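Dear colleague,

I am handing over the structure below, and I would be glad if you could look through it alongside my notes.

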Amino acid sequence: MIANIKTRVDFGGIVNYANDQKNKKKSATLLAHEGVCTVSNKTIADSFQIQASMRPKVKSPVKHVSLAFSPQDAARFPNDEKGDALMVEIARKWMERMGIRNTQYIIARHYDTQHPHCHLVFNRIDNDGNLISDSNERIRSTKVCRALTEEYGLYLAPKNSKARNKNRLRPHQLRKLNLRSATLDALAESHSWKDFLSALKVRNIDIRFNRNQASDKVHGISFSQDGISLAGSTLDRDLSFNSLCTTLGNLTEELLLQPHQAITSSAAGGTSNSLGWRDEKDKNIPKKNEPFYKPFKRRR
């Protein structure tokens with residue numbers, strides 16, 4: 001279960017999208033609502049807007065949430081009264097645990113994808129004129145979604161899931177996904193740094209250890225494959241240097257000098273190898289003070 005949360009300014013457009021019953025592909029069905037007149041989408045939007053007018057200084061009173069479930073849970077949400085009731089029950093629990101109470105909302109189900117999902121539109125201005133906080137909503141939502149997934153026995157995708165629709169990814173996104181998946185696979189089969197480095201080498205993944213110039217200690221790690229280089233912490237939390245040390249133990253000095261690795265100083269000069277990384281052996285060569293990555297200059 002995943003919740004995609006977006007903040008909107010206008011109620012009319014998002015209500016038309018969520019409850020678009022004219023679109024045969026979506027076949028939107030209004031499953032539940034609270035505090036709105038459902039004669040038409042216009043009356044729904046007007047109901048939202050009237051209540052939002054109690055706090056005219058709030059520029060974005062609209063919240064739109066897409067609650068999506070795995071295709072493997074399709075049997076749990078059939079296109080019938082029972083499936084709809086379960087979806088509404090979970091959506092309402094999500095709202096309750098997110099602190100979304102005493103306010104207007106609609107829940108509409110769509111049928112245009114392989115995975116069951118519904119769209120929730122609610123008013124951030126509650127029935128008493130109070131503003132519903134959205135502080136850290138994505139972090140809180142991730143925890144709530146995981147808890148509800150486990151509570152209802154829904155499909156829980158493994159951390160290194162490869163079930164994403166790769167056809168919809170751009171080339172850069174696809175290379176990043178492949179690098180992340182391959183690196184996590186290498187980590188999953190490793191019990192030590194030596195195992196990890198060997199598993200990376202088999203997958204043609206180069207690594208870079210970043211040293212702090214003042215203390216000469218390693219403080220970061222990056223991975224490179226197929227022309228893309230990214231910091232471990234950017235790929236995944238489990239691939240940050242500190243997390244890897246927790247999982248694999250302390251890194252010994254002799255393992256830093258493997259031929260397929262590059263070691264850089266975070267503030268030193270130096271030449272670049274074929275991957276664009278500065279080698280440790282060249283860090284004492286005097287160079288002009290220039291940034292490691294040159295910023296792109298926009299044309300005016």
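What follows is a short account of one helix, a pair of helices and one loop residue.

This is a predicted model, in which local features need pLDDT of at least 70 and side-chain atom pairs count only at pLDDT 80 or more, while totals for chains, interfaces and linings use all residues. Residues are numbered from 1 along each chain as its sequence is written, and side-chain values use heavy atoms, with hydrogens and water left out.

In helix H8 (residues 241-248; helices are DSSP runs of H or I with at least four residues, strands runs of E with at least two, numbered from the N terminus), Phe-241, Leu-244, Cys-245 and Leu-248 are buried, that is, under 20% relative accessible area with a 1.4 Å probe and protein chains only, where exposed means over 50% and partly exposed in between. These residues lie on the same side of H8, because they cover an arc of only 100 degrees around the axis, taken from the directions from the helix axis to the C-beta atoms. The face turned away from the buried side carries the exposed Asn-242, Thr-246 and Thr-247. The buried residues of H8 pack against H5, H6, strand E6 (206-211) and strand E7 (218-225), contact meaning heavy atoms within 4.5 Å.

Between H5 and H6, Thr-183, Ala-186 and Leu-187 in H5 meet Phe-196, Ala-199 and Leu-200 in H6.

Gln-104, in the loop between helix H3 (81-97) and strand E4 (105-110), is buried, with a relative accessible area of 3%. A polar atom of the Gln-104 side chain lies 2.9 Å from the backbone oxygen of Gly-35, and the side chain also reaches the backbone oxygen of Ser-47 at 3.0 Å.

Best regards

Note on methods: Polar contact = N/O pair within 3.5 Å; in protein donor to acceptor, adjacent residues only side chain to side chain.
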